[in-house]
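Trainee: I should like to work through this chain step by step. May we begin with its overall make-up and then turn to single residues?

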Amino acid sequence: MKKILSIVALGAFLFTSSAVASEKKGLNVVLTSGDEQTQMMAMVLSMMTVKAKKKVNITMCAAGGKLALKDTKTQVFEPAKKSPTMILNALIKKGAKVQVCPLYLPSVGKDKTALIDGISIAKPPKIAAQLLNADFTTLSY
């Protein structure tokens with residue numbers, strides 16, 4: 001009897017969690033890692049979110065900001081046969097909002113012309129509001 005109740009409770013939890021997740025408007029991704037495999041995972045999950053017809057907001061800071069630069073080349077990963085840069089560009093074309101934190105470019109001696117087309121400089125009050133928006137799930141890499 002306990003086993004049946006446990007299974008029913010688990011099923012109810014999973015159903016409720018899934019229903020709540022489907023009600024979300026989208027995903028906020030904060031990328032600070034310079035590790036290309038970590039960046040790849042962030043881009044892949046962002047793409048899956050866009051394919052699910054949800055919004056994606058990506059903010060890049062610190063070592064993660066390098067991915068936003070035009071001259072950055074990243075490794076192609078299997079089995080996707082794509083790189084974080086390739087997926088980032090596809091996300092921008094599909095409407096993802098991508099920004100770098102305002103400290104990044106001055107810290108590396110560059111200006112906004114160094115950014116991939118479609119990437120802008122974040123405004124902290126707007127990013128804070130987005131991160132606090134309960135309609136979005138936030139992931140940090």
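Trainee: How many helices and strands does the secondary structure of the protein chain come to?

Mentor: The model is a predicted one. Along the sequence, the chain follows the pattern α-β-α-β-α-β-α-β-α-β. The secondary structure thus comes to five helices and five strands.

Trainee: Is Ser-46 buried or exposed?

Mentor: Ser-46 lies in helix α2, residues 36-51. Neighbours within four places in sequence aside, Ser-46 is in contact with Leu-27, Val-29, Val-56, Ile-58 and Leu-91. Because buried means under 20% relative accessible area and Ser-46 has 0%, the residue is buried.

Trainee: Which class of accessibility applies to Thr-59?

Mentor: Thr-59 is placed in strand β2. Residues up to four places away in sequence not counted, Thr-59 touches Val-29, Val-30, Leu-31, Gln-99 and Ile-127. Its relative accessibility is 11%, and the cut-off for burial is under 20%, so Thr-59 counts as buried.

Trainee: Which residues gather with Lys-82 in a patch of positive charge on the surface?

Mentor: Lys-82 is found in the loop between β2 (55-60) and α3 (84-93). Lys-82 counts as partly exposed because its relative accessibility is 39%, and patch members need over 30%. The residues that gather with Lys-82 in this positive patch are Lys-51, Lys-53 and Lys-94.

Trainee: What share of the exposed area of the protein chain do carbon and sulfur atoms supply?

Mentor: Buried residues make up 35% of the 141 residues in the chain. The chain exposes about 8700 Å². Of that area, carbon and sulfur atoms supply 64%.

Conventions: Residues are numbered from 1 along each chain as its sequence is written. This is a predicted model: local features need pLDDT of at least 70, side-chain atom pairs count only at pLDDT 80 or more; totals for chains, interfaces and linings use all residues. Side-chain values use heavy atoms; hydrogens and water are left out. Patches are made of residues with over 30% relative accessible area and no salt bridge: like charges are joined within 9 Å, nonpolar side chains (Val, Leu, Ile, Met, Phe, Trp, Tyr) within 5 Å. Accessible areas come from the Shrake-Rupley method with a 1.4 Å probe; for residues, only the protein chains shown count as cover. A salt bridge is a side-chain nitrogen of Lys or Arg within 4 Å of a carboxyl oxygen of Asp or Glu. Lys and Arg count as positive and Asp and Glu as negative; His and the chain ends are not counted. The place of a charge is taken as NZ of Lys, CZ of Arg, CG of Asp or CD of Glu. Helices (H or I, at least four residues) and strands (E, at least two) are DSSP runs, numbered from the N terminus. Buried means under 20% relative accessible area, exposed over 50%, partly exposed in between (1.4 Å probe, protein chains only). Contact means heavy atoms within 4.5 Å.
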